[in-house]
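Please look through the sequence and the model first, and then follow the paragraphs below with the structure open beside you.

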Amino acid sequence: MNKKFWIVFFLIDILLIAGGIFWFWHNRDTDHHQDEVHYHAGFQVYVDDVKQDFSDFKYMKIEPCGTDHSQGDDQLEKAHLHDNIGDVVHVHRDGATWGDLFANIKYPLPEDVTGYVNGQLVPKILTMPIIANASVVFLAGENTNISEKIAARVSQERIAEIEKKSEKCGDE
Ligand SMILES: [Zn+2]
């Protein structure tokens, strides 16, 4: 065996290993993208002491049951409402923010809206990612009895119940 042969052999080996590593990382990224993201969070919005009702059809994303959420409009898949349930958001993209929800349901909130996540005041709430199973109370305008509103936020049981329902595709 001459030296040249070993050098070529060695280079081919390196290429195969590099190719393997590249393939692994490439697939890993692709799989990550296609993984079905699906989580939920509770929310309520008060404007001047009036609780807003988002259960109307106009706020709903209407689609056939079992729709593949990894396809479709990325903005709409970030955060939307289903099944005339107006207080639990469905998230199908990592990093979706509360601002994405209100943009998608076409309900603009003032930028200085106040948000309480699980009872804690969070600044700039509209730019914050929606956290799985969090329960947020939004306050816009003039509000009184704030601690009562926060205490009456969407419960963990309610979020879990909606999650269970949506996993079964709505039919029980
Ligand atoms: Zn869901």
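**A walk through the predicted model**

Ile7 is found in helix 1, which covers residues 3-34 of this predicted model. With a relative accessibility of 47%, Ile7 counts as partly exposed, because residues with values between 20% and 50% are placed in that class. Together with Phe10, Leu11 and Ile14, Ile7 makes a nonpolar surface patch of about 410 Å².

Having begun with one helix, we can turn to the chain as a whole. The secondary structure of the protein chain comes to five helices and seven strands, and from the N terminus on these elements follow the order α-β-β-α-β-β-α-β-β-β-α-α. Of the 172 residues in the chain, 35% are buried. The accessible surface comes to about 11000 Å², and 58% of this surface belongs to carbon and sulfur atoms. If we consider the contacts between residues at least 6 apart in sequence, 63% of them join residues at least 24 apart.

Which residues have the most contacts inside the largest nonpolar core? This core has 29 residues, and those with the most contacts inside it are Phe43, Val89, Trp98, Phe102 and Phe138. Strand 1, strand 4, helix 3 and strand 7, the last of these covering residues 135-140, each supply at least two residues of the core, and the largest share, four residues, comes from strand 1. In general, nonpolar side chains tend to be buried together in soluble globular proteins. Phe138 gives a view of the surroundings of one core residue: leaving aside neighbours within four places in sequence, Phe138 is in contact with a list of residues including Phe43, Trp98, Phe102, Leu109, Val113, Ile125 and Leu126.

The next stop is the metal site. The zinc ion is coordinated by His38 and His40, each through NE2, and by His90 through ND1, at 1.9 to 2.1 Å. Along the chain, the donors of the zinc ion follow the spacing H-x1-H-x49-H. Because His38 lies in the loop between helix 1 and strand 1 (39-47), whereas His90 lies in strand 4 (residues 88-91), this pair ties together parts that are 52 residues apart in sequence. The two histidines also belong to separate accessibility classes, since His38 is partly exposed with a relative accessible area of 31%, while His90 is buried with a relative accessible area of 1%.

Salt bridges offer another way to see how parts of the chain are joined. As a general point, side chains of opposite charge can pair when their charged atoms come close. The count of salt bridges in this model comes to six, and one of them is formed by Asp49 and Lys149, whose closest N and O atoms are 2.7 Å apart. Asp49 lies in the loop between strand 1 and strand 2 (50-51) and Lys149 in helix 4 (residues 146-151), so this pair ties together parts that are 100 residues apart in sequence. Asp49 is partly exposed at 33% relative accessibility, whereas Lys149 is buried, with a relative accessible area of 10%.

In another salt bridge, the side chains of Asp74 and Arg93 meet at 2.6 Å, N to O. This pair links distant parts of the chain, since Asp74 is in helix 2 (residues 74-78) and Arg93 is in the loop between strand 4 and helix 3, 19 residues apart. Asp74 is partly exposed at 43% relative accessibility, while Arg93 is buried, with a relative accessible area of 13%. Arg158 and Asp87 also form a salt bridge, with their closest N and O atoms 2.9 Å apart. Because Arg158 lies in helix 5 (residues 156-167) and Asp87 in the loop between strand 3 (79-80) and strand 4, the pair ties together parts that are 71 residues apart in sequence.

Finally, we can return to the loop between strand 4 and helix 3, where Gly95 has its place. Is Gly95 buried or exposed? At 51% relative accessibility, Gly95 counts as exposed, because the cut-off for that class is over 50%. Leaving aside neighbours within four places in sequence, Gly95 is in contact with Tyr39 and Asp100. Asp100 lies in helix 3 (residues 98-104) and is buried, with a relative accessible area of 13%. Apart from residues up to four places away in sequence, Asp100 touches Gln75, Lys78 and Gly95.

Note on methods: Residues numbered from 1 in each chain as written. Predicted model: local features only at pLDDT ≥ 70, side-chain atom pairs only at ≥ 80, totals over all residues. Heavy atoms only, no water. Patch = residues over 30% accessible without salt bridge, like charges linked within 9 Å, V, L, I, M, F, W, Y side chains within 5 Å. Areas by Shrake-Rupley, 256 points an atom, 1.4 Å probe, with all protein chains shown as cover. Salt bridge = Lys/Arg side-chain N within 4 Å of Asp/Glu carboxyl O. Buried < 20%, exposed > 50% of the residue type's maximum accessible area, 1.4 Å probe, protein only. Donors = N, O, S within 2.8 Å, 3.2 Å for Na, K, Ca; no water. Contact = heavy atoms within 4.5 Å. Core = buried A, V, L, I, M, F, W, Y, C linked by side-chain atoms within 4.5 Å.
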